[in-house]
Amino acid sequence: MTAAPAIPGSASGLPGPRKRRRLSRKLAPWLFLAPGMLMFLIYVIIPILQSMWISFYQWDGLSPKHWIGMENYVELLDDDAFYTSLKNNVIWLVLYMLAIPAGLFIALFLNQKLRGIRLYKSLFFFPFVISQVVVGLIFSWFYAPGFGLFFALTKWLDGTGIAILANPHLVTYGIIAAGLWPQIAYCMILYLTGLNSVAPDQIEAARLDGAKGLKMLWYVVLPQLRPATFIALVVTIIGALRSFDLVSIMTSGGPFGSSRVLSYYMYEQALSEYGYRMGYGAAIAVVLFAIMMIFISGFIWKMWRDERGL
Amino acid sequence: MKLLKTAAIAALVAGMALPALAQQRTLTLNTDASDPAPKAAFDQLIKGFEAENPDVHVVVNIFDHEGYKTAIRNFLTADSPDLANWYAGNRMAPFVKSGQFMDVSDVWQENGLKDSLAPALSSMTIDGKQWGVPYTYYQWGIYYNKDVYKKVGAEVPKTWDEFISNCKKFKAAGIDCLTTGTKALWPAAGIFDYLDLRTNGYDFHMKLTNGEIPWTDDRVRKVFAEWAKVLPYTTPNVSAIDWQDAVSNIVQGKAANYVMGNFAVATFKDGGMTNDTLGFMDFPEITPGIPRAEEAPTDTIHIPAGAKNVADAKKFLAYVARADVQTKMNETLGQLPINVQSTVGDDPYLQAGFKILSTADGGIAQFFDRDAPAAMAKAGMEGFQEFMAYPDHLDAILERLEKMRKRVYKN
């Protein structure tokens, strides 16, 4: 009796709900992803494609666009300012990495149980809390010829004084030093949280086996800090490539364009008072995007591997 | 039924009220007058205009001075006002060429502005037509510390050679002969403009900023050779100094001369200088006999192509051009009126500026970044900044500028 009513429908009815369930199981993640993907499409993917599209035009933002093909890129290849920016970007990338070991060092130093250690920790973290604009201002006063502390110090040492921000060879290093100040604090906080999760039993076991000092750090502590190191690497690379605010505040790319980085050069060409060459700015943006893509795909590849447990 | 009646009456009232409202016409003005003095001057200007034209209501949108330079590109194409502030010379060329500004030659014709605004006629003209009305300008020149001159026993120079020989006296006293702060690039262009105007004259300078003369020309090199004479006596590291910080060099007597625009007087006085200690002189003569030209950036008002109330906008331009209006407005601005029938207040710097500008038979230049197109101006000013730090880079700088010239003026 129980089976009887089911029989007529079994030929077509039974696979029905199962198929529907399978379909909805396939569909559900996409439905949940849809809003995010839509936003990503509208605000990230389409603008990237538009930038690439604009880079083939000569356009001042007002007059009609004028197709010039690869001419913007050809001009880039022959543009000294572009190479200066590219070189500075590389210097930024390399020197900014110093924030990771420096942050680790400070984190290890602060990772002890003392009265008031929380206060010291927050004092070390302080530069990351203040705005980059303020950091830039403080450092440009620090370097300023005439009244800056650093200038006075070098003047006392060598008699004439070194105006870092007026020296085309030193200016980028001066700005990077300013950038490192908050970046070190950022890496420090990442490592401090990482150190909290280092397993004490492993430390003890290593100690019993006679590991000490650097060996302990290298073979026991650092491997456990790998997730923190990975994040610190990512934020530092991103920080180095977006080094726009400090350059803008401290030098506006000067003296005579020697502290430009690609992001600032792009802004200058496309949007600043003397710019409005949208096509050329877009071409610079595409190059910057290509450089970032190298790192981004590296990270994505690593995360994909980690997730599959390789 | 009652409801219907009320609605009918309401509709009737609205119908009667609307035409009454429409008689009060509106005129929108977008301006960058965000600083206190320009804001007061515009308030006064608009009150005066509304008093004479009670049927027009002027709506003012004030923008931040720097932000305006970007904003104007957006509002001209998207939501156009009836009037907008801008600058004369090549600075308005992009808007004229892309058809964003309206030709107002008829306003000039009907009001005889070609005579009354004669000093600014050439800088308002593109393709033989006038594209706006100028309402104020200010002179550039050399501001100097009178006490320092007395201290070393130097006379105010009339020629460039005298200026340089003064520099030796200042150097002996440990004072910088010339100071500036080129962090924002443009102060260096003031020095270049005057050296070129005095060495080669107005016509050459205009041709150079128009891209008709190669930067590698010998006459351009001559300008830099004159500049090189004063570099050993110039404050070092100027590329890291803001122009306001360089003012303090003059105030404190660490430097003697500063090539600047008249707007800096307020900053000098904030630093504690008075009419007795702050001097002003015209830039000294270099090549004898060429007609004297001066530098005076001009601020202007234009009618955007998308203006809705063109008739009243033109009325407004005619009002702004009037001698009495310009006199009153520039009193508040602390600048110079362009209308030749206007009068100037008894401020000694304005008096001096009015004198040198109204007798400049060579012509009036706008400023390097207004006479040259944007990309050329930027590259040029960077070149000047580099030259001040590394005079021996001159060949490389001029070649770079020449490459830029070939690209910028191509189309």
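**Helix packing and contacts in chains A and B**

The C-alpha centres of domain 1 of chain B and domain 2 of chain B lie 30 Å apart. I begin with that separation, and I should say at once that the model before you is predicted. Each of these domains is assembled from two stretches of chain B: domain 1 covers 20-138 and 298-352, while domain 2 covers 140-295 and 373-408. Where the two domains touch, domain 1 of chain B gives six residues and domain 2 of chain B gives seven. On the domain 1 side of that contact, four residues are nonpolar, two are polar and none is charged.

Let us stay with chain B and turn to a pair of its helices, helix 19 and helix 20. Their axes come within 10 Å and cross at roughly 180°. Why do we call helix 19 of chain B roughly antiparallel to helix 20 of chain B? Angles over 145 degrees count as roughly antiparallel, and the crossing of roughly 180° therefore places this pair in that class. From helix 19 of chain B the contact takes A375(B), M376(B), A379(B), G380(B), G383(B), E386(B) and F387(B). Helix 20 of chain B answers with L394(B), I397(B), R400(B), L401(B), M404(B), R405(B) and V408(B). By class, nine residues of this contact are nonpolar, two are polar and three are charged.

Helix 19 of chain B also leads us to the contact between the chains. How many residues does each chain bring to that contact? Chain B brings 21 residues and chain A brings 20. On the chain B side, helix 3 (65-77) and helix 19 (374-389) each supply at least two residues. The largest share there, eight residues, comes from helix 19 of chain B. The chain B side as a whole divides into seven nonpolar, six polar and eight charged residues.

I now move to chain A, beginning with its annotation. An unreviewed UniProt entry lists "domain: ABC transmembrane type-1" for residues 85-301 of chain A. In the model, that span is 75% helix and 0% strand, with its end C-alpha atoms 28 Å apart. UniProt, again in an unreviewed entry, also places "transmembrane region" features on chain A, including residues 27-49 and 90-111. Residues 27-49 of chain A are 100% helix, and their end C-alpha atoms lie 28 Å apart. For residues 90-111 of chain A, the figures are 86% helix and 33 Å between the end C-alpha atoms.

Finally, consider helix 9 of chain A and two of its partners. The axes of helix 6 (residues 117-129) and helix 9 (residues 171-196) of chain A come within 6 Å and cross at roughly 130°. That angle makes helix 6 of chain A oblique to helix 9 of chain A, and their crossing is left-handed. Among the residues in this contact are F124(A), F125(A) and F128(A) of helix 6, together with W181(A), Y186(A) and L192(A) of helix 9. The contact comprises 11 nonpolar residues, no polar residue and one charged residue.

The other partner is helix 4 (residues 80-96) of chain A, which packs with helix 9 of chain A at about 40°, their axes 10 Å apart. This pair is therefore oblique as well, but here the crossing is right-handed. Helix 4 of chain A contributes N88(A), I91(A), W92(A), L95(A) and Y96(A). Helix 9 of chain A contributes T172(A), I176(A), G179(A), L180(A) and Q183(A). Six residues of this contact are nonpolar, four are polar and none is charged.

Notes: Residues numbered from 1 in each chain as written. Chains lettered and ligands numbered in written order. Predicted model: local features only at pLDDT ≥ 70, side-chain atom pairs only at ≥ 80, totals over all residues. UniProt positions renumbered as here; feature names shortened; annotations may be inferred. Helix = DSSP H or I, 4+ residues; strand = E, 2+ residues; numbered from the N terminus. Nonpolar A, V, L, I, M, F, W, Y, C, P; charged D, E, K, R; others polar. Domains from an automatic or database assignment. Axes fitted to C-alpha atoms, helices over the stretch in contact; angles between N-to-C directions. Parallel < 35°, antiparallel > 145°, perpendicular 65-115°, else oblique. Left-handed = near helix turned anticlockwise from the far one by under 90°.
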